[in-house]
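Hello,

Here is the structure I promised to pass on to you. Please have a look, and then read on for what turned up in it.

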Amino acid sequence: MSVEVTRILAEWVHALRFEDIPDRTLQCAKEQIVGIIAATYAGSRSTASAPLYAALRDWEDRPESTVVGAGFKSSMRHAGMANAFAAQILEWEDYLLSQHTGASTVPTALAVAEAAGASGRDLLTALVAGNEVSGRTGQAYIKSRLYTNSCPNHQIDAALVAGKLLGLDATALTDAVGISCFPPMTQCFAGWFSPTKGMVTGAPVYAGISAASLAAHGFKGFRAIIEHPDG
């Protein structure tokens, strides 16, 4: 009998409270936010980011979340995507176990928290939850036969971080993961020689935030997506 990994993670994320988090972990999360914002701002100055920002401006999406370093706002999913792209493009983002965790969890948390009007405590709680999940699922994923640069891992953590900030219950969080991870993302490694490298985190963040928003409106996902043999 397989372990219900998707449900266990969703229930843990839902139940996590700010008061449960050790002070040292909170301090690390605060430092992580500062570091990722710095990496994102640096990435926003790169020539790779300018066309992305031009496209976002052209789309004229709802201005609810800040696009760091670009001087405008966009929807939470587009801002999250753009900030995750910029955070990753220079390879200056942080690392947790085997994962470039911060380039997905921090942009997701900041974009959704701003759009939802979440408190600082809520932001930190969701971020810590996402880091914990990303580090552990990524460590498992990187040892699997499907080894790549963990795009599916970020589909999981982004969905849970966004869902936590949108106030989803445990069942809706499993839906968010199921939606985000269908289909699972991978990458063509040759693409690392182009600006598409930034989408290693940008695309999963877009998927995760979109999935959490869909789940918040009652859209259902496959609730055993992580542990299923065909998941």
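Which residues in H3 meet residues in H4? On the H3 side they are Leu52, Tyr53, Leu56 and Trp59, and their counterparts in H4 are His78, Met81, Ala82, Phe85 and Ala86. Before going further, please keep in mind that this is a predicted model.

The geometry of that helix pair is worth a look too. Helix H3 covers residues 50-59 and helix H4 covers residues 76-89; their axes come within 11 Å and cross at roughly 175 degrees. Angles over 145 degrees count as roughly antiparallel, so H3 is roughly antiparallel to H4.

The loops that follow these two helices each hold a backbone oddity. Glu60, in the loop between H3 and strand E1 (65-67), has a positive phi of about 50 degrees although it is not a glycine. Glu60 is exposed, because its relative accessible area is 69%. Glu91, in the loop between H4 and helix H5 (102-116), also has a positive phi, near 60 degrees, and is likewise a residue other than glycine. Glu91 has a relative accessible area of 33%, so this residue is partly exposed.

Now to the charged side chains. How many salt bridges does a search of the whole structure find? The count is nine, and here are some of them.

In helix H1 (residues 5-15), Glu11 and Arg7 sit four residues apart, about one turn of the helix. Their side chains meet in a salt bridge, 2.9 Å from N to O. Both ends are partly exposed, because Glu11 has 37% relative accessibility and Arg7 has 33%.

Arg62 pairs with Glu64, with 3.1 Å between the closest N and O atoms. Here Arg62 is exposed, with a relative accessible area of 57%, whereas Glu64 is buried at 18%.

Another salt bridge joins Asp175 and Arg223, at 2.7 Å from N to O. This pair links distant parts of the chain: Asp175 belongs to helix H8 (residues 170-180), while Arg223 is in the segment after helix H9 (199-216), 48 residues away. Asp175 is buried, with a relative accessible area of just 2%, and Arg223 is partly exposed at 38%. Back at the start of the chain, salt bridges that share partners join Glu4, Arg7 and Glu11 into one network.

Which side chain of opposite charge is nearest to Lys164? That is Asp122, 7.5 Å away, and Lys164 is buried yet has no salt bridge. A salt bridge needs the nitrogen and oxygen within 4 Å, so a distance of 7.5 Å is too long for one. Lys164 lies in helix H7 (residues 151-165), and its side chain reaches the backbone oxygen of Val13 at 2.7 Å. Beyond residues up to four places away in sequence, Lys164 touches Val13, His14, Ala15, Leu16, Thr125, Ala126 and Leu173.

Two last details to look up on the screen. Gln27, in helix H2 (residues 23-44), is 97 residues from Leu124 in sequence, but their C-alpha atoms are 9.7 Å apart in space. Gln27 counts as partly exposed, at 41% relative accessibility. The peptide bond from Phe182 to Pro183 is cis, with omega near 0 degrees, and Pro183 is found in the loop between H8 and H9.

Happy exploring, and best wishes!

Conventions. Residues numbered from 1 in each chain as written. Predicted model: local features only at pLDDT ≥ 70, side-chain atom pairs only at ≥ 80, totals over all residues. Heavy atoms only, no water. Buried < 20%, exposed > 50% of the residue type's maximum accessible area, 1.4 Å probe, protein only. Lys, Arg positive; Asp, Glu negative; His and termini not counted. Polar contact = N/O pair within 3.5 Å; in protein donor to acceptor, adjacent residues only side chain to side chain. Contact = heavy atoms within 4.5 Å. Axes fitted to C-alpha atoms, helices over the stretch in contact; angles between N-to-C directions. Parallel < 35°, antiparallel > 145°, perpendicular 65-115°, else oblique.
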